[in-house]
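These are my notebook entries on a structure that I looked up for its helix packing, its strand pairing and a few chosen side chains.

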Amino acid sequence: MDWFAAPDYWPSRLLVQRMLAGLYLIGFLDAAAQFRALIGAHGMLPVPRFTARVPFRRAPSLFHLHYSDRYFAAVAWTGAAAAAALAAGLGDALPLWASPLPWALLWVLYLSIVNVGQTWYSFGWESLLLEAGFLAAFLGTADTAPPAPVLWLMRWLVFRVEFGAGLIKIRGDSCWRDLTCLRYHHETQPMPGPLSWFFHHLPDPLHRVEAAANHVVQLVVPLGLFLPQPVATYAACLITATQLWLIASGNFAWLNWLTIALALAAVDPARIGLPVHTRTYPATPAWYEALVLALTATVAVLSYWPVRNLLSRGQVMNRSFNRLHLVNTYGAFGSINRVRQEVVVEGTDEPVLTPDTVWREYGFKGKPGDVRRLPRQYAPYHLRLDWLMWFAGISPGYARPWFLPFAARLLTGDPATLRLLRHNPFPDAPPTHVRATLHLYRFTGWRELRRTGAWWHRTPLSEYLAPVDLAALARAGHRPPPGHRPPPGRRTRTVPLDRLRRPDGRHHHPPGPAGGHPPGPPE
């Protein structure tokens, strides 16, 4: 079928597959490095506890069959090895019938992690990586002409990412409609990058241009992906340029790079100067054509729910309509925070608390803490604890499932938890008490930066978690990990306040996150 094959797009297919494999590699390395503290057997939200109450049919995962930290590590490192092999070209070395198998392995392994990852894996880019990897399994090899239907399905995926994000903004916060959201966003985004301070201080007319350009690229340009060339290529290039702007202005894990990889499926290589030479491909096997057409029909049927969501006044963002995370809906930042509230976590090794107790602050890798520390660039790597700390600053409800277990692990000096932090102020022995306070953070101005060397200015707001020790946490039902032994001779007088406090200082038993998922980043 002449319409089925797209031989001129072989460079696009090559770039799409290599980039997706590289992003899967980062995802698996991220999981291997962080899982013990987050969802390990003795983590803050343990997988065994989750699988005991959530059946396989609701969250398909290999970990319903068996779980141990060693087994999870084997799954993550197996995925990393397979992704690295695909990034190096393994897929092109396989026969056509076998080429989907390594991609299917990546998808199954990462799906198994996401479906038990709970709030740590509730971000839109997890589903996006799964959906993109599933489609990549059908792109074929270097010895087969790229299948045009799969390239079109990737365009449809990019369209949903961009158009969904554009609609949720227009329908959401009024600052997107009056073009003022970018006055706040660079300062209040989840994890600023090294250039965010400078983006924040752009003149206000440029912020308005940013917001207007965002609407054009997300609500108008995506339509061009379905138009004939060269329009589709120009649309993909505009989307790519916008994603590079976002990469420069903040840390959004692998979302932006993944969107760029998918947009390449719409690029005619000849239009942007990529090397294109005539390649002779054998006839596409009938079984392969049937497989791709079955995939296309499946995506068409499953697209009903995302399309209905896009057309709904009650549009939701970053939602999977099935347990396999196929054909999802995307979108982000339907509302923008006007101020930045950060949770500062501190500890003390003093046995008895007094008004003169000295508290020492824990340092996080990505989230703002030390006002003199320039924000770092971590994306496409995903610092999951740092991201959830941003949500915790917005509302204690987002922190309810994991914050007290986090405090308990600081009190025991849990090595896996401390590896997630940049600075541990108690290298010799764990603290006797920890506490958390809420602070207002804002970027300094040019003069203040030159005078003080500080990128941030922070103001204390209220108590977030009253000082607690292990005894207080035990009474709240949060016991230390097995094997923990308190240092000999340490006796403390506890402050039995084991509940999170609202930003206004009142006691609060907060509800879970609205919709079960934290809001995601902007596209």
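The entries below take helices, then strands, then single residues.

**Entry 1. Model.** I noted at the outset that this is a predicted model.

**Entry 2. Helices H7 and H11.** I began with helix H7, residues 148–171, and helix H11, residues 204–219. Their axes come within 7 Å and cross at roughly 135 degrees. Angles over 145 degrees would count as roughly antiparallel, and I therefore recorded H7 as oblique to H11. I entered the crossing of H7 past H11 as left-handed. On the H7 side I listed Glu162, Phe163, Ala165, Gly166, Leu167, Lys169 and Ile170 as making the contact. On the H11 side the contact is made by Asn214, His215, Val217, Gln218 and Leu219. I sorted the residues of this contact into 6 nonpolar, 4 polar and 2 charged.

**Entry 3. Helices H6 and H7.** I then turned to helix H6, residues 124–136, which packs with H7 at an angle of about 170 degrees. The two axes are 10 Å apart. An angle over 145 degrees counts as roughly antiparallel, so H6 is roughly antiparallel to H7. The crossing of H6 and H7 is left-handed. From H6 I noted Leu128, Glu131, Ala132, Leu135 and Ala136. In H7 they meet Val150, Leu153, Met154, Leu157, Arg160 and Val161. The residues of this contact divide into 9 nonpolar, no polar and 2 charged.

**Entry 4. Thr259.** I located Thr259 in helix H13, residues 255–263. Is Thr259 buried or exposed? Its relative accessible area is 2%, so I entered Thr259 as buried. Not counting residues up to four places away in sequence, Thr259 touches Leu128, Val158, Val161, Glu162, Ile239 and Gln243. Leu128 I had already entered for H6 and Val161 for H7 in their mutual contact, and Glu162 for H7 in its contact with H11.

**Entry 5. Trp176.** I found Trp176 in helix H8, residues 174–177. At 3% relative accessibility, Trp176 counts as buried. With neighbours within four places in sequence left aside, its contacts are Lys169, Cys181, Leu182, Asn214, His215, Phe333, Gly334 and Ile336. Among these, Lys169, Asn214 and His215 also take part in the contact of H7 with H11. I also looked up Ser335, which is 159 residues from Trp176 in sequence. From C-alpha to C-alpha, Trp176 and Ser335 are 8.4 Å apart.

**Entry 6. Strand E5 and its partners.** Which strands pair with E5? Strand E1, residues 340–348, pairs with E5 in the antiparallel sense over 9 bridges. Within that pairing I noted Val434 of E5 as the bridge partner of Gly347. E5 also pairs with strand E6, residues 456–468, in the antiparallel sense over 9 bridges. There the bridge partner of Thr437 is Glu463 in E6. Strand E5 spans residues 433–443, and 8 of its 11 residues are buried, so I recorded E5 as largely enclosed by the rest of the structure.

**Entry 7. Trp359.** I placed Trp359 in the loop between E1 and strand E2. Trp359 has a relative accessible area of 16% and is therefore entered as buried. Leaving aside neighbours within four places in sequence, I listed its contacts as Glu346, Gly347, Thr348, Leu353, His433, Val434, Arg435 and Pro467. Gly347 and Val434 in this list are the bridge partners entered above. Pro425 lies 66 residues from Trp359 in sequence, and their C-alpha atoms are 9.7 Å apart in space.

Key: Residues numbered from 1 in each chain as written. Predicted model: local features only at pLDDT ≥ 70, side-chain atom pairs only at ≥ 80, totals over all residues. Heavy atoms only, no water. Axes fitted to C-alpha atoms, helices over the stretch in contact; angles between N-to-C directions. Helix = DSSP H or I, 4+ residues; strand = E, 2+ residues; numbered from the N terminus. Parallel < 35°, antiparallel > 145°, perpendicular 65-115°, else oblique. Left-handed = near helix turned anticlockwise from the far one by under 90°. Contact = heavy atoms within 4.5 Å. Nonpolar A, V, L, I, M, F, W, Y, C, P; charged D, E, K, R; others polar. Buried < 20%, exposed > 50% of the residue type's maximum accessible area, 1.4 Å probe, protein only. Pairing = 2+ DSSP bridges.
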